[in-house]
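Please open the model in your viewer and have the selection panel ready. We will start with the whole molecule and then move in to one pair of elements.

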Amino acid sequence: MTRPLSSAERSVRGRNGWLQEEERRAIESRGEIGRMEFWLRVTRTEISRDVKAGRDDVISAFTLVCRLFKLVLEKRQAGDPRLFDHLMQYADTVLKQHGPRS
């Protein structure tokens with residue numbers, strides 16, 4: 001027999017369900033561009049919450065991630081897809097282990 005979910009667990013489950021549904025709707029309406037725009041909006045909201053909570057380091061962290069992604073794209077455009085492939089593989093692994101869809 002399993003125990004009932006705590007309020008925090010129900011909240012996480014509800015949030016994950018909402019994220020999945022909104023992502024699905026974004027894909028239906030705009031395809032992969034819609035998916036990207038959805039996750040950018042969600043991320044911007046989380047960054048704002050962190051800043052309001054006094055965790056300003058989130059801004060420099062996001063800036064580094066953006067700079068990394070730009071570098072990876074530039075390398076791939078120059079004919080070297082290795083960094084892009086590594087980044088995609090790493091991102092996939094991390095999201096499978098820790099992502100909101102668990």
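Switch on the surface of the whole protein: its accessible area comes to about 8400 Å², and 58% of that belongs to carbon and sulfur atoms. Keep in mind as you look around that this is a predicted model.

Now colour by burial. Of the 102 residues of the protein, 12% count as buried.

Next, hide the surface and show the C-alpha trace. Along the principal axes, the C-alpha atoms fill a box of roughly 55 × 35 × 30 Å. The radius of gyration of the protein is 17 Å, whereas a compact globule of 102 residues would be near 13 Å.

Go to the cartoon view. You will find three helices and zero strands, so to speak an α-α-α run when read from the N terminus on. If you draw the contacts with a separation of 6 or more, 21% of them come from residues 24 or more positions apart.

Now select residues 7-52, which are helix 1, together with residues 57-77, which are helix 2. Two packed helices are described by the angle between their axes and the distance between the axes. Here helix 1 and helix 2 pack at about 150°, and their axes lie 8 Å apart.

Which residues meet where helix 1 and helix 2 come together? Show side chains for Thr43, Ile47, Asp50 and Val51 on helix 1, then add Val58, Ile59 and Phe62 on helix 2, which they meet. Coloured by class, this contact of helix 1 with helix 2 has five nonpolar residues, one polar and one charged.

How values were computed: Residues are numbered from 1 along each chain as its sequence is written. This is a predicted model: local features need pLDDT of at least 70, side-chain atom pairs count only at pLDDT 80 or more; totals for chains, interfaces and linings use all residues. Side-chain values use heavy atoms; hydrogens and water are left out. Axes are lines fitted to C-alpha atoms, for helices over the stretch in contact, and angles run from 0 to 180 degrees between N-to-C directions. Helices (H or I, at least four residues) and strands (E, at least two) are DSSP runs, numbered from the N terminus. Contact means heavy atoms within 4.5 Å. Ala, Val, Leu, Ile, Met, Phe, Trp, Tyr, Cys and Pro count as nonpolar, Asp, Glu, Lys and Arg as charged, and the others, Gly among them, as polar. The radius of gyration is taken over C-alpha atoms; the globule rule is 2.2 Å times the number of residues to the power 0.38. Buried means under 20% relative accessible area, exposed over 50%, partly exposed in between (1.4 Å probe, protein chains only). Accessible areas come from the Shrake-Rupley method with a 1.4 Å probe; for residues, only the protein chains shown count as cover.
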